[in-house]
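This report walks through the arrangement of pockets, sheets and helices in one molecular structure. The sequence and the structure are shown first, and the description follows.

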Amino acid sequence: MILNLPPYRIPVKVLKAEKPRIQIKFLPESPELIIISPTGTFSESVRAFIQQKERWIRQHYPRNLNQHNARQQFHQKLKAHQIQILGTERAFQFTPSRREHVKLTAKAIEVEHVPFRDQKDEMIFKYNALRTLAKPILTQRTHQWAAKTQSRFNQVRVKDHKSKWGSCSNKDNINLNWHLILLPEILMDYVIVHELMHLRVFNHSPEFWQEVARYMPNYQQYDHDLETYRWMIGIFEPFIR
């Protein structure tokens, strides 16, 4: 089904709701508008609801479509053994071996591996290789920024967050999403500084942003740019689930 909102022709998928209300949403992995309705059909009440939400749909559809296309391009390059790390394009270079080992060089990700059984096995190995690389990179960079900003923290934890780039705990632990190594370096650094400043101010008050601005004067631009990369969080999910 197509929703015609010139200049957009938006694919629509209608699902049946468990609750007696209508909802709409976009999913990062699909260009479709998801409509959840009590009847599971495009009824008159759904049509009226869509009219009420037309402005929201027009605002969010182009961004969702762009992010969907970016995900598709990323997956295509990944299947061709290409990926960008810290803003530099690199190629996976595979060497059959009895052991599993990964090394990052200036132009490549050198991988020793046992034979892959199929493409899913290969993708899981790429996922694990990138997570292995992420931990020392993000840990080292956090220590560097902690020294620059005279910040103290307990430890760095590199995680597979599903919806955020980073966080910090009341135990002074810095939690970072491993996907950060797939971003331009300045955005990775911004997230690290952002979390370090939360050790000083545990909210998003003007005082907090003042602290961030001391080290990242263009933080507003970086914050905006991070949103354009949100599609990248969970980018391996279709291959490993």
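## The largest pocket

The largest pocket holds about 500 Å³ of space, in a model that is predicted. Its lining is made up of 20 residues, and those that lie nearest the centre of the pocket are Leu27, Pro28, Gln67, Arg230 and Trp231. Two elements, helix H2 (54–79) and helix H7 (237–240), each give two or more residues to this lining, and H2 gives the most, with six residues.

Sorted by class, the lining of the largest pocket comprises seven nonpolar, five polar and eight charged residues.

## The four-stranded sheet and its helices

Helix H2, which contributes to the pocket lining, also lies across strands S1, S2, S3 and S4, where it runs at about 20° to S3. These four strands form an open sheet in the order S1-S2-S4-S3, and the pairing within this sheet is mixed. Strand S1 (2–5) and strand S3 (23–26) are the edge strands, each of them pairing on one side only. From one strand to the next, the twist of this sheet averages 30°.

Within the sheet, strand S2 (residues 8–16) and strand S4 (residues 33–37) run parallel and are joined by five bridges, and Lys16 stands opposite Ser37 in S4. Helix H1 (residues 44–52) also packs on this sheet, where it touches S1, S3 and S4, and the direction of H1 makes about 130° with that of S4.

## The hairpin of S7 and S8

Strand S7 (residues 101–104) and strand S8 (residues 108–113) run antiparallel and are joined by four bridges. The two strands form a hairpin, with three residues between them. Across this pairing, Lys103 stands opposite Glu110 in S8.

## The three-stranded sheet and helix H3

An open sheet of three strands, again with mixed pairing, has the order S9-S11-S10. The edge strands here are strand S9 (156–159) and strand S10 (166–168), each of which pairs on one side only. Neighbouring strands of this sheet are turned against each other by 20° on average, when direction is ignored.

The pairing of S9 with strand S11 (residues 174–177) is in the parallel sense and extends over four bridges, with Val156 standing opposite Ile174 in S11. Helix H3 (residues 119–149) packs on this sheet and touches S9 and S11, and the direction of H3 makes about 150° with that of S9.

## The crossing of H4 and H6

Helix H4 (residues 185–198) and helix H6 (residues 219–228) have axes that come within 10 Å and cross at roughly 105°. Because of this crossing angle, H4 is roughly perpendicular to H6, the class that covers angles from 65 to 115 degrees.

On the side of H4, the residues that meet H6 are Ile186, Leu187, Tyr190 and Val191, and their counterparts in H6 are Tyr219, Tyr222, Asp223, Asp225 and Leu226. By class, the residues of the contact of H4 with H6 divide into seven nonpolar and two charged, with no polar residue.

Definitions and conventions: Residues are numbered from 1 along each chain as its sequence is written. This is a predicted model: local features need pLDDT of at least 70, side-chain atom pairs count only at pLDDT 80 or more; totals for chains, interfaces and linings use all residues. Side-chain values use heavy atoms; hydrogens and water are left out. Axes are lines fitted to C-alpha atoms, for helices over the stretch in contact, and angles run from 0 to 180 degrees between N-to-C directions. Angles under 35 degrees count as roughly parallel, over 145 as roughly antiparallel, 65 to 115 as roughly perpendicular and the rest as oblique. Contact means heavy atoms within 4.5 Å. Ala, Val, Leu, Ile, Met, Phe, Trp, Tyr, Cys and Pro count as nonpolar, Asp, Glu, Lys and Arg as charged, and the others, Gly among them, as polar. Two strands pair if DSSP finds at least two bridges between them. On a 1 Å grid over the protein atoms alone, a cavity is a set of points where a 1.4 Å probe fits but cannot get out, and a pocket is an open set with protein on both sides within 12 Å along at least five of seven lines; lining residues have an atom within 4 Å of a point. Grid points are joined across faces, edges and corners, and a volume is the space filled by probe spheres set on the points.
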